[in-house]
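User: I'm new to this, so could you pick one part of the model and take me through it slowly? Please explain the terms as you go.

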Amino acid sequence: MRQHLTLKDLPMATSAELYQLSWVIEQLLADPRRIVQARSHLHLGQQVQYFNWDDGKLRAARVVSVKNDRVTVQDESSHRQISLPYAAIATEVVPAAQQAGDTAHEAIELAPPPEVGRREDFRVGQRVSFIDRDLQHRIGLIVRVNQQTATLDCDGQSWRVAYSLLR
């Protein structure tokens, strides 16, 4: 596992690395001082970047709304508005040359997460929590134990989630 995970590494990150990153983000979101600090550096119309889960790439966006715990951005290519937690955006836009391979931009230090789950740690009928692609915390019931994922029922929807992302 890598010691540092940069924004350009996200498309190739393992489930365990993504779990660690989600844990770090969860810790950042839990500290109101960090939210206030992030909000103080944002303004309407500011260009930022976010990681797009659909295509696995960093995308440029502009801030359209700043709220207590989330920021709404408008994707510059699709013009779609997306609500994100403050920790999910980068205010310093990384030039395309750096995204392509130059590692001069700052790395995200990964703290050790709580224990990473394994298949044998889970059973059908168990209630578990996970963080979805939109970094929303969800709670669901395991309805099927698969080889590499568990199938969960969460608010009437079926989710397939890697064991490393379950708690």
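Analyst: Let's start with a word we'll need a lot: a residue is buried if its relative accessible area is under 20%, exposed if over 50%, and partly exposed in between (1.4 Å probe, protein chains only). The model is predicted, so local features need pLDDT of at least 70 and side-chain atom pairs pLDDT 80 or more, while totals for chains, interfaces and linings use all residues. Residues are numbered from 1 along each chain as its sequence is written, and side-chain values use heavy atoms, without hydrogens or water.

The part I'd pick is the sheet. Strands here are DSSP runs of E with at least two residues, helices are runs of H or I with at least four, and both are numbered from the N terminus. Two strands pair if DSSP finds at least two bridges between them. With that in hand, you can trace an open sheet of 5 strands, in the order β5-β4-β3-β2-β6, with antiparallel pairing. At its edges sit β5 (81-85) and β6 (89-90), and each of these pairs on one side only. In general, the strands of a sheet pair through backbone hydrogen bonds.

Now zoom in on one pairing. Strand β2 covers residues 47-52 and strand β3 covers residues 57-66; the two run antiparallel and share 6 bridges. If you want a spot to click on, go to Phe51: its bridge partner in β3 is Leu58.

Strand β3 also has some charged side chains worth a look. Side chains of opposite charge can pair when their charged atoms come close. A salt bridge means a side-chain nitrogen of Lys or Arg within 4 Å of a carboxyl oxygen of Asp or Glu, and the structure holds 2 of them. In one, the side chains of Arg59 and Asp75 meet, with N and O 3.0 Å apart. Arg59 belongs to strand β3 and Asp75 to strand β4, so this pair links distant parts of the chain, 16 residues apart. What about accessibility? Asp75 is at just 1% relative accessibility, so it counts as buried. Arg59 has 21%, so it is partly exposed.

The other salt bridge joins Glu76 and Arg62, whose closest N and O atoms are 3.0 Å apart. Arg62 is in strand β3, but Glu76 lies in the loop between β4 and β5, so this pair ties together parts 14 residues apart in sequence. Glu76 is partly exposed because its relative accessibility is 31%. Arg62 is partly exposed too, at 36%.

Stay in that loop for a moment. His79 is also found between β4 (70-75) and β5. Most residues other than glycine have a negative phi. His79 goes the other way: it isn't a glycine, yet its phi is positive, about 60°. At 54% relative accessibility it counts as exposed.

Want another example of that backbone quirk? Asp155 has a positive phi as well, near 55°, and is not a glycine either. You'll find Asp155 in the loop between β10 (149-154) and β11. Its relative accessible area is 69%, so Asp155 is exposed.

To recap the sheet, follow β5-β4-β3-β2-β6 across, then look for Arg59 with Asp75 and Glu76 with Arg62.
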